[in-house]
Amino acid sequence: MIKGQIKDIIRNSLKLNEAVVSSVKSFSLKTEFLSSGNKENHIELYKAYAKSSNEISAKLDAIDKSSVSSNHSMYRALKLDEAYNHNGVFLHELYFENISDLASEIPMDNLAYIKLAKDFGSFDLWQKDFLACCQASRCGWAVTAYNIYSKKYQNIMIDLHSNNIPIGSMPVIVMDVWQHAYYRDYLKEVKTYAAAMMKELNWNVIEKRIQKVEQIKSLMR
Ligand SMILES: [Fe+2]
C-alpha cells in the first residue's frame with residue numbers, strides 16, 4: 001500500500017461525528033427529607049448541565065483540531081468540560097432515580113442485598129462504607145459501582161463530577177454530596193443528609209441496575 005493511500009485511510013477514519021445530545025428527563029421527588037425549594041433548585045441545576053453538555057458537544061463537533069496542545073488549547077478545555085458536564089447530567093439522573101422512595105425496602109433475597117453483602121462482607125458494612133464515601137467526597141458524589149476489572153462492587157468517592165473515578169466502573173447506587181444537594185436543609189451536616197437519603201433508596205431501581213450489570217458480566221466471561 002502506498003503512502004498516499006495510507007494517508008487517505010487515516011484521514012477518512014478521522015471523520016467522526018462528535019455530537020452527543022443529552023435529553024432532559026423530568027423528575028418528581030416525593031421525599032420530605034428535602035425542602036421543595038431544594039428539590040426545585042436541584043432539578044434546575046441538572047437541566048443546566050444538560051444544556052452545557054449539548055453546547056460543548058456541538059463546539060467539539062466543529063472545532064479546529066490542527067493546533068491542539070496539552071499546555072493550552074480550546075480542544076483540551078472543551079474535553080475537560082465535556083467529561084464534567086456529561087457526568088453532571090448522568091450522575092444526577094442516576095441520583096434522582098434512586099432516591100425518594102417513601103416505601104423503600106430491600107428484601108434479603110434481593111440480588112442487590114446478596115451482591116453487596118458478598119463484596120463488602122455484610123450489607124451493614126456496605127452501608128457504613130457508603131456513608132463514609134458521602135462524608136469523604138469534596139463536593140461530589142458517593143457511588144457504588146461494579147468494576148469490570150476487579151470484578152467486584154465497590155464504593156467510590158468522586159470529587160466534583162469527574163475526579164477519582166476508577167476505570168471500568170458501572171454505577172448502581174448514586175448519592176449527590178455536593179453542598180447544593182443538602183446545605184439549604186442540613187447546613188454542613190452531610191452525614192445526616194446522606195443517612196436520610198439512604199433510608200429512602202429506591203431498591204427496585206437499584207435491583208434493575210444490578211440485574212443489567214449481571215447480564216453484562218455474563219457476556220464478558
Ligand atoms: Fe447535584
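1. First, a term used throughout: a residue is called buried when its relative accessible area is under 20%, exposed when it is over 50%, and partly exposed in between. Take A50 as the opening case: its relative accessibility is 1%, so this residue counts as buried. A50 sits in helix α2. Its C-alpha lies 7.1 Å from that of N85, although 35 residues separate A50 and N85 in sequence. Keep in mind while reading that this is a predicted model.

2. Now the overall layout. The protein chain has 221 residues, and 42% of them are buried. There are 8 helices and 3 strands. How do the helices and strands follow one another along the sequence? The pattern reads α-α-α-α-α-β-β-β-α-α-α, with the run of strands set between two runs of helices. Taken along the principal axes, the C-alpha atoms fill a box of roughly 65 × 45 × 30 Å.

3. On to the metal. Which residues coordinate the iron ion? H42, H92 and H180 each do so through NE2, and D176 does so through OD. The distances run from 1.9 to 2.1 Å. Along the chain, the spacing of these donors is H-x49-H-x83-D-x3-H. H42 belongs to helix α2 (residues 36–62) and H180 to helix α6 (residues 179–186), so this pair ties together parts of the chain that are 138 residues apart in sequence. Both H42 and H180 are buried.

4. Why is the arrangement around the iron ion called irregular? The 4 donor atoms subtend angles of 84 to 133°, and that range makes the arrangement irregular. To be called tetrahedral, four donors need all their angles between 85 and 135 degrees, and the range here begins at 84°. For reference, the ideal angle for four tetrahedral donors is 109.5 degrees.

5. If you are looking for a pocket, the largest one has a volume of about 160 Å³. Its lining comprises 15 residues. Which of them lie nearest the centre? Those are N87, L91, I165, S169 and P171. The elements that give two or more residues to this lining are α3 (74–98), β1 (140–147), β2 (152–159) and β3 (169–176). Helix α3 supplies the largest share, 5 residues. By residue type, the lining divides into 11 nonpolar and 4 polar residues, with no charged ones.

6. A word on the cysteines. The structure holds 0 disulfides. Why is C133 not in one? Its sulfur is 7.1 Å from the closest cysteine sulfur, that of C134, which is too far for a bond; the cut-off for a disulfide is 2.5 Å. C139 also has C134 as the holder of its closest cysteine sulfur, here at 13 Å, again too far for a bond. Are these cysteines buried or exposed? C133 counts as buried, at 10% relative accessibility, whereas C139 is partly exposed at 27%.

7. Two backbone spots are worth a look. Most residues other than glycine have a negative phi. S100, however, has a positive phi of about 70° without being a glycine. S100 is in the loop between α3 and α4 (111–120), and at 10% relative accessibility this serine counts as buried. L160 is another such residue, with phi near 55°. Where does L160 lie? It is in the loop between β2 and β3. With a relative accessibility of 34%, L160 counts as partly exposed.

8. Next, a contact between a loop and a later part of the chain. F27 is in the loop between α1 (3–13) and α2. At 18% relative accessibility, F27 counts as buried; the cut-off is 20%. The C-alpha atoms of F27 and E97 are separated by 7.8 Å, with their positions 70 residues apart along the chain.

9. Last, a lysine. K128 has its place in helix α5 (residues 123–136). Is K128 buried or exposed? Its relative accessible area is 52%, so K128 is exposed; the cut-off for that class is 50%. K128 and A195 are 67 residues apart along the chain, and 9.9 Å separates their C-alpha atoms.

Methods
Residues numbered from 1 in each chain as written. Predicted model: local features only at pLDDT ≥ 70, side-chain atom pairs only at ≥ 80, totals over all residues. Heavy atoms only, no water. Donors = N, O, S within 2.8 Å, 3.2 Å for Na, K, Ca; no water. Tetrahedral: all angles 85-135°; square planar, octahedral: opposite > 155°, others 65-115°. Helix = DSSP H or I, 4+ residues; strand = E, 2+ residues; numbered from the N terminus. Buried < 20%, exposed > 50% of the residue type's maximum accessible area, 1.4 Å probe, protein only. 1 Å grid on protein atoms, 1.4 Å probe; cavity = no way out; pocket = protein on both sides within 12 Å on 5 of 7 lines; lining within 4 Å. Points joined across faces, edges and corners; volume = space filled by probe spheres on them. Nonpolar A, V, L, I, M, F, W, Y, C, P; charged D, E, K, R; others polar.
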